[in-house]
Each structure stands twice: as C-alpha cells, then as structure tokens.
Amino acid sequence: MMTPMSMLELSNEAKDDILRYVSEFSGVPVDALLSKTRHSANASAWRSLAYLILRESGCTYQRIGDYFAGRGSSTILLGCKRARAMVDNDELSKVAWGNLLNKAKQIMNHNNKQERTTGNA
C-alpha cells in the first residue's frame, strides 16, 4: 500500500493532482472521470483510477463509488475486476499501469511530506 492514508483522505490539492494526471494519461477530462457517464473511453479511465484506489488504499467499494459520483459498489467491483484483467493480460497495459501507479505514489508521498513540514499531519 502507498501510505496509511488513502487517496480519498488526501488533501484536495493531492486529489486534484492525481485526477489531473489520470486525465492527462487517459485523455479523459477530470469531470468525465468523476461523472456517471457510460462512454467507453471514460469507463476505462475511471476503472483504472478506481482500481488504483482499491489496490493502494484498501477502501471499500462503496466508499470508492461515493467518490465517483455515487456509483454503486457493484459497479466499482466490476470496474476494478475489468481493470485488473486488463492489466494482468496485456503487456502495454502493465507498463501503463506501472507508470500510473508510480506517479500516484509520487504525488501521495509529496503530499505527505508537505503535511509533515507544515504540521498538518
């Protein structure tokens, strides 16, 4: 896991940084990542982000769903399963996933250092 703090407990600035990175990485606007739209290009991006949160924070499916415009826990469960299958079965996806995970860790670590420096931890 990244840190004891989950992504959903990060500062708004850190969340925004991760969302912006996923948006740039996927080409999907931030507002589309967090909306309930069913467009297939958006779905792959939010699935990846949901899987990242699940894997690195251990949050419940319901809590992750609440973060994504109130999606239900079963939607998040299925999305995470699809993202994991994509990562497990495709070499290009494994590389892309590794890059996404590393960037998210950098952002979270940077956020934690800033909080310790300013005394907000």
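**Figure 1. Val22 in helix α1 of the predicted model.** Val22 is found in helix α1, within a model that is predicted. At a relative accessible area of 1%, Val22 is buried. Apart from neighbours within four places in sequence, the contacts of Val22 are Gly27, Leu33, Ala45, Leu49 and Leu100. One of these residues, Leu49, stands 27 residues from Val22 in sequence; the two C-alpha atoms are 7.2 Å apart in space.

**Figure 2. Asn42 in helix α3.** The residue shown, Asn42, is part of helix α3. Its relative accessible area is 10%, and Asn42 therefore counts as buried, the limit being under 20%. When neighbours within four places in sequence are set aside, Asn42 is in contact with Val28, Ala32 and Thr37. Thr37 also belongs to the lining of the largest pocket, which is the subject of the next view.

**Figure 3. The largest pocket and its lining.** The space in the largest pocket amounts to about 250 Å³. Two elements, α3 (40–57) and α5 (73–89), give two or more residues each to its lining. Helix α5 makes the largest contribution to this lining, with four residues. The lining comprises Lys36, Thr37, Arg38, Ala43, Trp46, Arg47, Arg71, Gly72, Thr75, Leu78, Gly79 and Arg82. By residue class, the lining of the largest pocket holds five charged, four polar and three nonpolar residues. Among the charged residues are Lys36, Arg38 and Arg47, and the nonpolar residues include Trp46 and Leu78.

**Figure 4. The second largest pocket and the residues nearest its centre.** About 210 Å³ of space is found in the second largest pocket. Its lining consists of 14 residues, and those nearest the centre of the pocket are Phe25, Ser26, Ser44, Ser48 and Met86. At least two lining residues are supplied by each of α1 (12–26), α3, α5 and α6 (91–118). The lining of the second largest pocket has ten nonpolar and four polar residues, with no charged residue. In the largest pocket, by contrast, five lining residues are charged.

**Figure 5. The salt bridge between Arg84 and Asp88.** The side chains of Arg84 and Asp88 form a salt bridge, with an N to O distance of 3.4 Å. The salt-bridge count comes to one. Both residues lie in helix α5, and because they are four residues apart there, about one helical turn separates Arg84 from Asp88. Arg84 is partly exposed, with a relative accessibility of 47%. Asp88, at a relative accessible area of 43%, is likewise partly exposed.

**Figure 6. The whole chain as context for the close-up views.** The chain contains six helices and zero strands, and its order along the sequence reads α-α-α-α-α-α. Of the 121 residues in the chain, 40% are buried; Val22 and Asn42 are among the buried residues. Among contacts with a separation of 6 or more, 67% join residues 24 or more positions apart. The pair Val22 and Leu49, in contact and 27 residues apart in sequence, is one example. The accessible surface of the chain is about 6,800 Å², and carbon and sulfur atoms account for 49% of this surface.

How values were computed. Residues are numbered from 1 along each chain as its sequence is written. This is a predicted model: local features need pLDDT of at least 70, side-chain atom pairs count only at pLDDT 80 or more; totals for chains, interfaces and linings use all residues. Side-chain values use heavy atoms; hydrogens and water are left out. Buried means under 20% relative accessible area, exposed over 50%, partly exposed in between (1.4 Å probe, protein chains only). Contact means heavy atoms within 4.5 Å. Accessible areas come from the Shrake-Rupley method with a 1.4 Å probe; for residues, only the protein chains shown count as cover. On a 1 Å grid over the protein atoms alone, a cavity is a set of points where a 1.4 Å probe fits but cannot get out, and a pocket is an open set with protein on both sides within 12 Å along at least five of seven lines; lining residues have an atom within 4 Å of a point. Grid points are joined across faces, edges and corners, and a volume is the space filled by probe spheres set on the points. A salt bridge is a side-chain nitrogen of Lys or Arg within 4 Å of a carboxyl oxygen of Asp or Glu.
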